Amino acid sequence: MAVAQDFLPIVNMAWENNHELKAKNFQLESATKSWLEAKAMYGPDVKFGIQYTLAAGGRSIAFPVGDLLNPVYSTLNQITQNNSFPQISNVNEQFLPNNFYDARFRVTQAIYYPDLAINKKLKMEMLEQKNLEIKAFKRLVSKQTMQAYIQYAMTQNAIDIYLSADTLLNEAKRTTQSMIKNGKALPTAMSRLENQSAELLSQKTEALSNQKNAENTLRFVLGINETGSIPSLDGFNRIPTLVLDNIADREELLQLKQATIMQSLAVQREEKHYLPKIGAQLDAGSQDFDFGWEPYALLGINVDMNIYDSKKHHHRKQAAKAEIMATEAMYLQAENQIKLQQNVAKENLNTAIKQANIFETRIKATQKIYDEVFAKYKEGTAGYIELVDAQTQYTQIKMQHLLAKNNAWIKWAEYIYATAIFPIQ
């Protein structure tokens, strides 16, 4: 295991199966659609509407058409000596239209709306903010995945150590059995070795339980069931190394920068408070009584301007500026905290590596002691108590070495997370 990228296969599996991450991806899709909606606000809207009215009563206007035309008609009838021009009554016209319809297509088009441009930028920044949020969560999942796999691999190594100890103990029991037959050892030696074997079995049983728990945790993190196979990664038999390059900005800092950008857009929006909003509207349709056909077209331009609002926009602008300063202060605090976290993670990893390296010579020395004691035991110059003690020390030192390596790898995963070295797709 040379680099963090070697964990990429299992981390990708964890990303693909994590339900919380799936929910965040759906939220990202929602933010994408919101941006597309803001982008589409520049285009025209077309609607169709129809209105039909029946009316009775209400206000009316009296139009004395009879009083105006009847004298003229009477004179014309006298001149022509006929009744070609009949008398007509005055008209009382209702204001409310009766049996009247108005059907139209209405097209509205924004010509100059400053809010639209700012809203589009805001939606884009919100989209980027959501993307950074997902990356930050994926980085956390990658750390959890690494640590879960490290624990899983180390529990397997612990079982191997106990199996190796069991092999040594069985060899000692066979040798003792032969020595008892030859009169070189007492039966009590076998009893002592049997007790040691029982104690080793208890430790191995606990290790198997720990291994099962670690496997269940890893399966949960990877999102696979009991029948799914766990990918195999190599390299945990050695001690990790410190990575000093490729340190990147954490997504938490990038999110705060993004928040500052969005708050700046709020300031820009208030700065455009007094700019006019210009739009156009076109109606094309027909209106008439008794469902007649009278087509028409109506084009209008509307202009909307803010003149005075009791400084409400000014206060909103000042509030947005205060939010920017607050976010900038939070950024500096977070930056210092992350630097501290990185320094602490680096120091912890260095210490863990040094502690793990110490065991290399101790293991060799303890193994040499066990080999010498076992050789003397077979010769009859060393007692079974010395043999059991040497075997116990050898097993314990290997377990301590395993715990030290496990701690080093866990600190390595924390350092990889703190320094944002692991690549996030």
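Helices, in the sense used here, are DSSP runs of H or I at least four residues long, and strands are runs of E of at least two, both numbered from the N terminus. With that convention in hand, the segment after α8 is where A420 is placed, and the other elements can be named in the same manner. The model is a predicted one, and every value that follows is computed from it.

The chain contains eight helices and six strands, and read from the N terminus they follow the order α-α-β-β-α-β-β-α-α-α-β-β-α-α. The radius of gyration is 44 Å, well over the 22 Å that the globule rule gives for 425 residues, so the chain is more spread out than a compact globule. The extents of the C-alpha trace along its principal axes are about 165 × 45 × 30 Å. Of the 425 residues, 37% count as buried, while the chain as a whole exposes about 25,100 Å², with carbon and sulfur atoms supplying 55% of that area. If one considers contacts between residues at least 6 apart in sequence, 85% of them join residues that are at least 24 apart. As for charge, the chain carries 46 positive and 45 negative side chains, and the centres of these two sets lie 6 Å apart.

The interior can be approached through its nonpolar cores. The largest has 76 residues, and the members that touch the most others are F7, Y149, F236, W412 and F422. Two or more residues come to this core from each of α1 (8-17), α2 (19-40), α4 (114-181), α5 (187-222), α7 (312-379) and α8 (384-418). Among these elements α4 gives the most, with 20 residues. Apart from this core lies another, made of five residues that include L253, L256, Y331 and A334.

Helix α6, which covers residues 251-271, holds T260. With a relative accessibility of 16%, T260 counts as buried, because the cut-off for that class is under 20%. Once residues up to four places away in sequence are set aside, T260 touches I324, T327 and E328.

Turning to the strands, one can begin with T53, which belongs to β1 (residues 45-53). Its relative accessibility of 22% makes T53 partly exposed. Beyond its neighbours within four places in sequence, T53 is in contact with P97, N98, N99 and F100. The relation of T53 to Q87 is another matter, since these residues are 34 apart along the chain and their C-alpha atoms are separated by 32 Å.

Strand β3, made of residues 91-94, contains N92. Between N92 and S60 there are 6.5 Å from C-alpha to C-alpha, although the two are 32 residues apart in sequence. S60 is also one of the residues that N92 touches, together with I61 and A62, when residues up to four places away in sequence are not counted.

A further strand residue to consider is D283, which lies in β5. At 5% relative accessibility D283 counts as buried. The C-alpha atoms of D283 and R106 are separated by 4.5 Å, with their positions 177 residues apart along the chain. Leaving aside neighbours within four places in sequence, the contacts of D283 are with R104, F105 and R106 and also with Y296, A297 and L298.

The backbone deserves a separate look at two places. Most residues other than glycine have a negative phi, and most peptide bonds are trans. D290, however, has a phi near 55°, a positive value in a residue other than glycine. The loop that holds D290 runs between β5 (277-289) and β6 (295-304), and at 57% relative accessibility D290 counts as exposed. A420 likewise has a positive phi near 55° and is a residue other than glycine. In its place in the segment after α8, A420 has a relative accessibility of 4% and so counts as buried.

Key: Residues are numbered from 1 along each chain as its sequence is written. This is a predicted model: local features need pLDDT of at least 70, side-chain atom pairs count only at pLDDT 80 or more; totals for chains, interfaces and linings use all residues. Side-chain values use heavy atoms; hydrogens and water are left out. The radius of gyration is taken over C-alpha atoms; the globule rule is 2.2 Å times the number of residues to the power 0.38. Buried means under 20% relative accessible area, exposed over 50%, partly exposed in between (1.4 Å probe, protein chains only). Contact means heavy atoms within 4.5 Å. Accessible areas come from the Shrake-Rupley method with a 1.4 Å probe; for residues, only the protein chains shown count as cover. Lys and Arg count as positive and Asp and Glu as negative; His and the chain ends are not counted. The place of a charge is taken as NZ of Lys, CZ of Arg, CG of Asp or CD of Glu. A nonpolar core is a set of buried Ala, Val, Leu, Ile, Met, Phe, Trp, Tyr and Cys residues joined through side-chain atoms within 4.5 Å.
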